[in-house]
Amino acid sequence: MSEAQGSGAAGSADGAAGESDGAVVLRTRDADGTRALAQALSGALRAGDLLVLDGPLGAGKTTFTQGLGAGLGVRGPVASPTFVIERVHPNLAEGPDLVHVDAYRLGGEGEIDDLDLEADLDRAVTVVEWGRDRVEHLADSVLLVELERPDRVDDPLDPDEPRTLRLTPRGPRWDGAAIAALEAALAAVAGLDGTADAAAAGDPAAPATTAEGPASARPTTDTAEGER
């Protein structure tokens, strides 16, 4: 990916800021924007993809995963798996399942390997919160998603703070065609300034409806991180 392809700050068509290491950087105004970005991203994912979410407490890792679950059309609700470590959300249609893992309480690779995540990798999109430098050995390709909170906000009492998300694809899965698909999916919600807008993708907080009920739901509490 060239910098010219993704320079949203310079007014490019896709609205996502590209960096020299191949990362795509977008911003969100609030939690709904984070969900909308992830929901759009789901269109570029397939079974076997491994996403590693990195960021401090409250950065929005579970919020991001909620949007991903809504986009994939899996059974919800998607909530923090902190105390159960791993949750599997079956797809309600023909798409991949969602495997949601919280590695915060896990130690090294040995404890990760004990989960036997490889058994689900081929048929699911696997998302690991706190997974950086812990799970990359499970697959030859990974999409690293870094979420950052602002150092200062206008209203410290407002829980809907903006976020910056940096997506870095690594490995053979993310060839030129796959990265182009990733950029195109994100362009659906990214404005020219690189800020994701929930309104561009409809309301990501509204769960998709299927014959079996809601595909996902928006919980009011995220066990590990608060709602964000």
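A residue is taken as buried when its relative accessible area is under 20%, and Asn-91, at 11% relative accessibility, therefore counts as buried in this predicted model. Asn-91 belongs to the loop that runs between β4 (86–89) and β5 (97–102). Within that loop, the side chain of Asn-91 reaches the backbone nitrogen of Gly-95 at a distance of 3.4 Å. When neighbours within four places in sequence are left aside, the contacts of Asn-91 are with Leu-72, Gly-73 and Val-74 on the one hand, and with Pro-96 and Asp-97 on the other.

The largest nonpolar core comprises 35 residues, of which Leu-41, Leu-51, Phe-64 and Leu-68 touch the most other members. Two or more residues are contributed to this core by each of the strands β2 (24–28), β3 (50–54), β6 (124–129), β7 (142–148) and β8 (163–170), and likewise by the helices α1 (31–41), α2 (61–72) and α5 (176–187). Another core lies apart from it and contains 15 residues, including Val-99, Ala-103, Leu-106 and Val-142. In soluble globular proteins, nonpolar side chains tend to be buried together. Within the largest core, Leu-41 touches Leu-51, Phe-64 and Leu-68, and also Leu-143, Leu-167, Leu-182 and Leu-186, residues up to four places away in sequence not being counted.

Helix α1 is largely enclosed by the rest of the structure, because 9 of its 11 residues are buried. The buried residues are Ala-31, Gly-33, Thr-34, Arg-35, Ala-36, Leu-37, Ala-38, Ala-40 and Leu-41, a list that holds Arg-35 as well as the core residue Leu-41. At the start of this helix, a side-chain oxygen of Asp-30 comes to within 3.3 Å of the backbone nitrogen of Asp-32.

Strand β2 is also mostly covered, with 4 of its 5 residues buried. The pairing of β2 with β8 is antiparallel and extends over 5 bridges, and in this pairing Val-24 stands opposite Leu-167 of β8. Strand β2 is further joined by 2 bridges to β9 (residues 195–196), the two strands running parallel, and here Thr-28 stands opposite Ala-196. Strand β6 includes Glu-129, which counts as buried because its relative accessibility is 0%. Glu-129 and Leu-51 are 78 residues apart in sequence, whereas their C-alpha atoms are 8.6 Å apart in space.

In total, 8 salt bridges are found in the structure. One of them is formed by the side chains of Glu-146 and Arg-166, with an N to O distance of 3.3 Å. Since Glu-146 lies in strand β7 and Arg-166 in strand β8, this pair ties together parts that are 20 residues apart in sequence. Both Glu-146 and Arg-166 are buried. A second salt bridge joins Glu-161 to Arg-149, with the closest N and O atoms 3.2 Å apart. Both of these residues are in the loop between β7 and β8, where they are 12 residues apart. The two partners differ in accessibility, because Glu-161, at 10% relative accessibility, counts as buried, while Arg-149, at 38%, counts as partly exposed. Glu-161 also forms a salt bridge with Arg-163, the closest N and O atoms being 3.0 Å apart, and both residues of this pair are buried. Elsewhere, salt bridges with shared partners join Asp-54, Arg-132, Glu-146 and Arg-166 into one network.

The structure contains 1 aromatic pair. The rings of Tyr-104 and Trp-130 have centres 4.8 Å apart and planes at 55°, so the pair is classed as tilted. Tyr-104 is in the loop between β5 and α3 (109–114) and Trp-130 is in the loop between β6 and β7, so that the pair links parts of the chain 26 residues apart. Tyr-104 is partly exposed, with a relative accessible area of 43%, whereas Trp-130 is buried, with a relative accessible area of 17%.

How values were computed. Residues are numbered from 1 along each chain as its sequence is written. This is a predicted model: local features need pLDDT of at least 70, side-chain atom pairs count only at pLDDT 80 or more; totals for chains, interfaces and linings use all residues. Side-chain values use heavy atoms; hydrogens and water are left out. Buried means under 20% relative accessible area, exposed over 50%, partly exposed in between (1.4 Å probe, protein chains only). A polar contact is a pair of N or O atoms within 3.5 Å; within protein, one must be able to donate a hydrogen and the other to accept it, and residues adjacent in sequence count only if both atoms are side-chain atoms. Contact means heavy atoms within 4.5 Å. A nonpolar core is a set of buried Ala, Val, Leu, Ile, Met, Phe, Trp, Tyr and Cys residues joined through side-chain atoms within 4.5 Å. Two strands pair if DSSP finds at least two bridges between them. A salt bridge is a side-chain nitrogen of Lys or Arg within 4 Å of a carboxyl oxygen of Asp or Glu. Rings of Phe, Tyr and Trp (its six-membered ring) pair if their centres lie within 6.5 Å; planes under 30 degrees apart count as stacked, over 60 as edge-to-face and the rest as tilted.
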